[in-house]
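Hello,

Here is the structure I promised to pass on to you. Have a look at it first, and then read my notes below with the picture open beside you.

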Amino acid sequence: MDYHVFILSRVREGVDSGMKSEEAVRYGITATAGVVTSAALVMFAVFSIFGSLSSLDVKQAGVGLAAAVLIDATIVRAVLLPASMKLLGEWNWYLPRALDWIPRAESEPSPARDPV
């Protein structure tokens with residue numbers, strides 16, 4: 001879940017800065033690829049170690065969690081998320097009228113630099 005919040009924050013940043021939805025998805029995935037992949041590899045390694053412990057319950061949990069992290073970091077993040085966001089286009093950012101009361105976060109423009 002944290003990976004997707006991190007990725008979608010970058011995608012939304014791209015949309016807010018004026019990119020088309022498809023470009024923003026590409027930007028979000030590439031901007032977060034290193035961090036998300038590294039975190040997934042660390043979690044996979046830690047959960048895999050649980051598979052070598054003596055307790056059967058811990059072994060099962062470790063193998064299951066390692067597989068879940070691997071599937072999420074590869075198939076879901078690299079294939080399903082970008083594909084669904086490309087298909088949805090501007091519908092990615094749809095908010096029903098009943099939720100108009102939720103404050104919208106806007107990204108701040110870059111500060112203008114004074115010429116020296």
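**How the helices pack**

Let me start with one pair of helices: α1 and α3 run roughly parallel to each other, because the angle between them falls under the 35 degrees used as the cut-off. Please keep in mind as you read that this is a predicted model. Helix α1 covers residues 2-16 and helix α3 covers residues 56-88; they pack at an angle of about 30°, and their axes are 11 Å apart. Their crossing is right-handed.

Which residues make this contact? On the α1 side you will find Tyr-3, His-4, Ile-7, Leu-8 and Val-11, and they meet Val-69, Asp-72, Val-76, Arg-77, Leu-81 and Met-85 of α3. Sorted by type, the residues of this contact are 8 nonpolar, 1 polar and 2 charged.

Now turn to α1 and α2. Here the packing angle is about 160°, with the axes 8 Å apart. Angles over 145 degrees count as roughly antiparallel, so α1 is roughly antiparallel to α2. This crossing, too, is described as right-handed. From α1 the contact takes in Tyr-3, Phe-6, Ile-7, Arg-10, Val-11, Glu-13, Gly-14 and Val-15. From α2 the residues include Ala-24, Val-25, Tyr-27, Gly-28, Ile-29 and Thr-32, and also Val-35, Val-36, Ala-39, Ala-40 and Met-43. By type, the residues of the contact between α1 and α2 come out as 14 nonpolar, 3 polar and 2 charged.

**A closer look at Ala-40**

Ala-40 is worth finding on your screen; look for this residue in helix α2. Is Ala-40 buried or exposed? Ala-40 is buried, since its relative accessible area is 5%, and the cut-off for buried is under 20%. Leaving aside residues up to four places away in sequence, Ala-40 touches Tyr-3, Val-69 and Ala-73. You can also check the spacing between Ala-40 and Asp-72: they are 32 residues apart along the chain, and their C-alpha atoms are separated by 8.6 Å.

**The salt bridges**

How many salt bridges does the structure hold? There are 4 salt bridges, and I will walk you through some of them.

In one of them, Arg-12 pairs with Asp-16, and their closest N and O atoms are 3.1 Å apart. Both residues sit in helix α1, and because they are 4 residues apart, about one helical turn separates them. Arg-12 is partly exposed, at a relative accessible area of 29%. Asp-16 also counts as partly exposed, with 29% relative accessibility.

Next, the side chains of Glu-22 and Arg-26 form a salt bridge with an N to O distance of 3.7 Å. These two are 4 residues apart in helix α2 (residues 21-50), so about one helical turn lies between Glu-22 and Arg-26. Glu-22 is partly exposed, with a relative accessible area of 41%.

Glu-22 has another partner as well: a salt bridge joins Glu-22 to Lys-86, where the closest N and O atoms are 3.7 Å apart. This pair connects distant parts of the chain, as Glu-22 is in helix α2 and Lys-86 is in helix α3, 64 residues apart. Lys-86 counts as exposed, at 52% relative accessibility. Taken together, Glu-22, Arg-26 and Lys-86 are linked in a network of salt bridges.

Enjoy exploring, and write back with any questions.

Best wishes

Notes:
Residues numbered from 1 in each chain as written. Predicted model: local features only at pLDDT ≥ 70, side-chain atom pairs only at ≥ 80, totals over all residues. Heavy atoms only, no water. Axes fitted to C-alpha atoms, helices over the stretch in contact; angles between N-to-C directions. Parallel < 35°, antiparallel > 145°, perpendicular 65-115°, else oblique. Left-handed = near helix turned anticlockwise from the far one by under 90°. Contact = heavy atoms within 4.5 Å. Nonpolar A, V, L, I, M, F, W, Y, C, P; charged D, E, K, R; others polar. Buried < 20%, exposed > 50% of the residue type's maximum accessible area, 1.4 Å probe, protein only.
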